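Visitor: Please show me the model. I would like to go through it by question and answer.

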Amino acid sequence: MDQNRQGARASYVALAIFFAVWVLLPSAVRRLNREAFAEFQAPALHLVGKSRDLATFWEKKSRSTEEMAAAGRDLARINAALEIKLNALEDVRRENIRLREITRYNVPVEYMSVVARVATRDSSSWWQRIVIRKGRNDGIRPGAPVVFGNTVVGRVTAVHLTTSEVDLVTSPGFRCTAYLEGDDQNHIVLVNGVAANSLGTAKARVSVIPRDYSMPAGQPARVFTTGMGGVFPSRLMLGYLDGGTYATQVGNFKESLLIPSRDLYNLQEVSVLVPLHQNPGEALMQGDQFQ
Amino acid sequence: MGWAWLILVLATYPWLLGADLASDALASSSLVFFITGTCLIAPCRRLRRWQAVLFAACLGFLFEARRPIPDGIVAFALVAVAIFLSSNRQHLRTTPGMLRAAAAINIIACLVWFVAAAYAAPVAGADLAWQLILQLLIAGVVGTVGLIPIALTQNAAMDRFGVPPAPETP
């Protein structure tokens with residue numbers, strides 16, 4: 001029994017020494033260790049994602065002929081409506097080209113779009129994340145914005161070989177600047193995720209709203225990215241202001257909550273906008289200790 | 001058998017993946033389905049101390065790998081727990097004792113990651129007591145309910161690879 005106690009004591013001492021060594025180790029070693037364990041789990045996450053796709057495929061394949069015919073009919077109607085929209089957009093495109101020729105405006109082709117399926121979602125009070133099935137092998141880099149259509153989903157925080165982790169708009173680690181709809185002077189406001197403290201929908205906080213800002217009547221105010229900082233392209237939608245605004249403690253500005261414009265936990269597929277050239281934000285991300 | 005701890009990690013991993021999938025389902029409520037602490041109980045009854053330590057470290061690093069928790073905090077906490085459990089095996093002799101240990105260890109490990117994540121978080125959280133209590137409650141319930149199936153799997157793996165029954169001294 002004494003031998004057991006002595007052994008335990010020696011083990012605790014060894015643990016303390018190992019912990020001290022671990023703290024003193026260069027961060028590259030710790031990052032390598034984290035990367036190794038993340039890569040170990042990557043194949044299983046791929047398998048889970050693909051199994052879900054397969055289940056969806058067989059679920060759809062098992063539909064009856066009548067259901068398929070009804071779905072086909074609905075699609076034909078939608079197609080007809082979209083064709084009308086397409087013609088309208090074609091007119092807009094021609095107008096756009098004409099205006100560009102007038103102003104000789106060069107379209108900035110700064111991003112490469114990589115479409116990725118969502119493997120798993122994971123959230124707690126301290127993180128709101130999704131794991132996508134594309135990684136370093138597909139050209140994804142840390143800091144790249146993640147969107148669905150024209151809606152911001154989040155930002156890539158960690159990239160592994162075949163998977164990447166995305167911090168959602170509502171995650172405490174997420175920050176970006178934005179414009180508010182209805183603000184003619186285009187004041188810049190700050191959007192950052194908040195630690196989730198309820199079972200309700202996760203939200204982000206919009207701060208530094210000017211005191212004289214008033215929301216558009218009859219509809220929730222939309223929040224758009226500014227394009228400053230080089231991470232997110234401009235005029236992407238972040239979400240809506242939740243209800244009213246309230247004054248901060250200091251009283252110089254107002255704050256509000258942001259509701260994401262899509263249900264971030266029901267996304268199946270997202271697009272990662274990988275900047276063709278490394279931006280300053282990306283360089284900062286690479287220096288982060290905690291990914 | 002020297003490599004039993006590694007084989008046990010592989011045998012336990014499906015349960016951890018299952019917990020990740022359950023966390024996926026709970027994602028909209030910001031709760032994590034945490035079973036890492038429970039996975040320690042059965043191996044600590046039978047593995048030698050150094051094997052239990054390596055097993056605990058692997059469990060901790062697997063949990064931390066895809067989450068913004070300071071490196072090594074959960075792993076080292078689990079290692080300390082593994083040393084304690086493998087030195088006090090008398091608490092794990094009976095099924096009720098194991099169930100109590102599973103609930104307690106899972107709650108402690110859950111508290112460790114919550115506090116560590118709060119420390120690493122870029123913003124301060126206000127009024128998170130309710131969320132923490134809920135998370136700890138889930139960890140306790142899941143730890144207790146999940147112990148038997150997880151321990152059965154782990155015991156089967158250890159039997160298959162010839163790990164002897166729990167020795168009196170590590």
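Guide: A residue is buried if 20 or more other C-beta atoms lie within 10 Å of its own. This is a predicted model.

Visitor: What percentage of chain B counts as buried?

Guide: The cut-off of 20 C-beta atoms within 10 Å is applied to each residue. Chain B has 170 residues. The part that counts as buried is 54%.

Visitor: What percentage of chain A is buried?

Guide: Chain A has 291 residues. Its secondary structure comes to four helices and twelve strands. Buried residues make up 31%.

Visitor: What is the order of elements in chain B, from the N terminus on?

Guide: Chain B has zero strands. Its helices number six. The order is therefore simply α-α-α-α-α-α.

Visitor: What radius of gyration does chain B have, against that of a compact globule?

Guide: The C-alpha trace spans about 50 × 30 × 25 Å along its principal axes. For 170 residues, a compact globule would have a radius of gyration near 15 Å. Chain B agrees with that, at 16 Å.

Visitor: What share of the contacts in chain B joins residues 24 or more positions apart?

Guide: Only contacts with a separation of 6 or more enter this count. In chain A, the share for residues at least 24 apart is 61%. In chain B, it is 78%.

Visitor: How many residues does each chain bring to the contact between chain A and chain B?

Guide: Chain A gives 39 residues and chain B gives 40 residues. On chain B, helices 1, 3, 4, 5 and 6 each supply at least two of them. By class, the chain B side has 23 nonpolar, nine polar and eight charged residues. The totals asked for are 39 residues from chain A and 40 residues from chain B.

Visitor: Are helix 1 of chain A and helix 4 of chain B roughly parallel or roughly antiparallel?

Guide: Their axes lie 10 Å apart. The angle between the helices is about 175 degrees. Angles over 145 degrees count as roughly antiparallel. The two helices are therefore roughly antiparallel.

Visitor: Which residues of helix 4 of chain B meet helix 1 of chain A?

Guide: Helix 1 of chain A brings A:N4, A:A8, A:S11, A:Y12, A:L15 and A:F19. By class, this helix contact has eight nonpolar, three polar and no charged residues. On helix 4 of chain B, the residues are B:F76, B:V79, B:A80, B:I83 and B:S87.

Visitor: Which residues form the uncovered face of strand 7 of chain A?

Guide: Side chains in a regular strand alternate between the two faces of the sheet. In strand 7 of chain A, the covered face holds A:V189, A:V191 and A:G193. The uncovered face holds A:L190 and A:N192.

Visitor: Which residue in strand 8 of chain A stands opposite A:G193?

Guide: Strand 7 of chain A pairs with strand 6 in the antiparallel sense over four bridges. There, A:R175 has A:N192 as its bridge partner. Strand 7 also pairs with strand 8, antiparallel and over four bridges. Opposite A:G193 in strand 8 stands A:A204.

Visitor: Is A:N186 buried or exposed?

Guide: A:N186 sits in the loop between strand 6 and strand 7 of chain A. Its phi is positive, about 50 degrees, although it is not a glycine. It has 9 other C-beta atoms within 10 Å. A count of 12 or fewer means exposed, so A:N186 is exposed.

Visitor: Is A:R235 buried or exposed?

Guide: A:R235 lies in the loop between strand 9 and strand 10 of chain A. Its phi is also positive, near 65 degrees. With 11 C-beta neighbours inside 10 Å, A:R235 counts as exposed.

Conventions
Residues numbered from 1 in each chain as written. Chains lettered and ligands numbered in written order. Predicted model: local features only at pLDDT ≥ 70, side-chain atom pairs only at ≥ 80, totals over all residues. Rg over C-alpha atoms; globule rule 2.2 N^0.38 Å. Contact = placed C-beta atoms within 7 Å. Nonpolar A, V, L, I, M, F, W, Y, C, P; charged D, E, K, R; others polar. Axes fitted to C-alpha atoms, helices over the stretch in contact; angles between N-to-C directions. Parallel < 35°, antiparallel > 145°, perpendicular 65-115°, else oblique. Pairing = 2+ DSSP bridges.
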